[in-house]
Amino acid sequence: MRLFPQTRSFALLIVCAFLFAARPASADVLKVSLDDTINPVTAEYIDRAIDEAQRSHADAVLIVLDTPGGTLGSMEKIIQKTLASPVPVIVYVTPAGADAGSAGFFILEAADIAAMAPGTHAGAAHPVSGDGRALDPIMKEKLENYASSLLRSYVGKRGRNVEVAESAMKESKAFTAEESLEKNLINIVARDSADLFAQLDGKPITRFDGSKTVLHLAGKPMRSFDMTVRQHVLGFLMDPNVLFLLFTIGLLSIYFEFNHPGAVAPGVLGFIAILLFFYALNLLPFRSVSLVLILLGFALFVLEAKFPSHGAYGIGGIVLLTLGGLLLVDGPIPEMRVNLWTALGVSIPFGAITVFLMSIALKARRNKVVTGEQGMIGEIGVVTSPLTPAGKVFVQGELWDAVSPVNADSGSKVVVRRVENLVLHVEPVREAVQQSVVVG
């Protein structure tokens, strides 16, 4: 069959389109920003990023690092994922002033390519207890030996200086970018990512599994990989200061709901706040005793309102609430613990508000009821129809059926003792006065 020239051109265009579509997309570099503490959320984030790099056939994963450190478990997950990554992983400490401290140093050394920008530093990776205090000798030795073996398991295979790397852990040494390069802790010092890629272009590297590869990154597009909405929210909630504030708001809201039944909104808000608090807290190392201290502090605020102690209960509550906040998260670095000023800034206003609300509630309960049938008790009325024993009484601007154990003439005054089925049970005022005198 003979095709017209226009038809042949159209067919050729379609074939070219299919061939172009069949070509693999140009590989790129997947950029990940790790500028917070190392926690379960960041570990999940890095895990997703490396999986995405593998799925999209990226040339490399670039982890831009600036962290003071974090939890051991999350650090180990990131290291395991990095070492097993089918895509080369570059860890780049930047910008100037950035830090790869504590757990960040371990992650830096695990990368295929470890790089730092001028003016950055890394190290000070000595393990500490959750509250930052020095460990007892036995626990200190155990953690040091474990951390040392972890470093040795991959630093040497990456071709870096194991002895110096161990000194950053055992002796808490820290190094500038230039010192790190000189001591063979990193591969490159680069001004920016373009300089980094230019220095790496055409450079062969040995992967952790022993395979060889050559990087061609100069001029390659860089694609940012962001956290999911869930990870952003969890990352915000996992700030220990936010957690402490969330818990106190939840307690205060639920307490307000109990004292004002039917308000609904405070109860819902409190329930959501407490639920989010426990969900996020479950991902962090925390001390259960801190929750007991916080609840005991709240109980002392209630006692201060109910049994005024000239501030003794209130001060005790503030102290317990502050201690509970400070001990809430068992973080290895200050950034993963509740700040002292945050604990005080929450505890003092929270104590004042709780005592104030409880005082109002207790006063309201002690006040005489002034509405409904209960509000009639103790009121003085005037007899309009003789009580023999039943009759009529004028009370609070209304005429009521009334009965009295003692006859009362019209115009005499009576006091209401109780109300039953819209009938007032009254006594003459003089009888009520005599009874009170005798009782007194």
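How are α3 and α4 oriented relative to each other? In this predicted model, the axes of helix α3 (residues 72-84) and helix α4 (residues 103-110) cross at roughly 5° and come within 9 Å. The two helices, α3 and α4, are therefore roughly parallel to each other, an angle under 35 degrees being counted as such. On the side of α3, the contact is made by Met-75, Ile-78, Ile-79, Thr-82 and Leu-83, and α4 contributes Ala-103, Phe-106, Ile-107 and Ala-110. By class, eight residues of this contact of α3 with α4 are nonpolar and one is polar, with no charged residues.

Helix α3 also packs against helix α2 (residues 40-55), at an angle of about 10° and with the axes 8 Å apart. This angle makes α2 roughly parallel to α3. The contact involves Pro-40, Thr-42, Ala-43, Ile-46, Asp-47, Ile-50 and Asp-51 of α2, together with Ser-74, Lys-77, Ile-78, Lys-81 and Thr-82 of α3. Five nonpolar, three polar and four charged residues form the contact of α2 with α3. Charged residues thus appear in the contact with α2, whereas the contact of α3 with α4 has none. Ile-78 and Thr-82 of α3 take part in the contact with α4 and also in the contact with α2.

Strand β3 (residues 89-93) is largely enclosed by the rest of the structure, because five of its five residues are buried. Both faces of β3 are covered: Val-89, Val-91 and Val-93 are buried on one side, and Ile-90 and Tyr-92 are buried on the other. Strand β2 (residues 60-65) runs parallel to β3 and is joined to β3 by five bridges; in this pairing Val-61 stands opposite Val-89 of β3. Between these strands the chain passes from β2 through α3 to β3, forming a right-handed β-α-β crossover. Helix α3, which packs with α2 and with α4, is thus also the helix of this crossover. Strand β3 is further joined to strand β5 (residues 113-116) by four bridges, again in parallel orientation. Here Ile-90 stands opposite Ile-113 of β5. Parallel pairing of β3 is accordingly found both with β2 and with β5.

A separate description applies to the strands β4, β6 and β7. These three strands form an open sheet in the order β4-β6-β7, with mixed pairing. Strands β4 (99-101) and β7 (174-176) stand at the edges and have a single partner strand each, so one side of each is left without a neighbour in the sheet. From one strand to the next, the twist averages 15°. Strand β6 (residues 121-123) and β7 run antiparallel and are joined by three bridges, and the bridge partner of His-121 in β7 is Thr-176. Helix α4 packs on this sheet, touching β4 and β6, and its direction makes about 100° with that of β4. Helix α4 therefore has contacts with this sheet as well as its roughly parallel packing with α3.

For the protein as a whole, the secondary structure comes to 15 helices and 16 strands. Of the 440 residues in the protein, 45% are buried. Among contacts between residues at least 6 apart in sequence, 64% join residues at least 24 apart.

Note on methods:
Residues numbered from 1 in each chain as written. Predicted model: local features only at pLDDT ≥ 70, side-chain atom pairs only at ≥ 80, totals over all residues. Heavy atoms only, no water. Axes fitted to C-alpha atoms, helices over the stretch in contact; angles between N-to-C directions. Parallel < 35°, antiparallel > 145°, perpendicular 65-115°, else oblique. Contact = heavy atoms within 4.5 Å. Nonpolar A, V, L, I, M, F, W, Y, C, P; charged D, E, K, R; others polar. Buried < 20%, exposed > 50% of the residue type's maximum accessible area, 1.4 Å probe, protein only. Pairing = 2+ DSSP bridges. Right-handed = clockwise from strand over helix to strand, strands pointing away.
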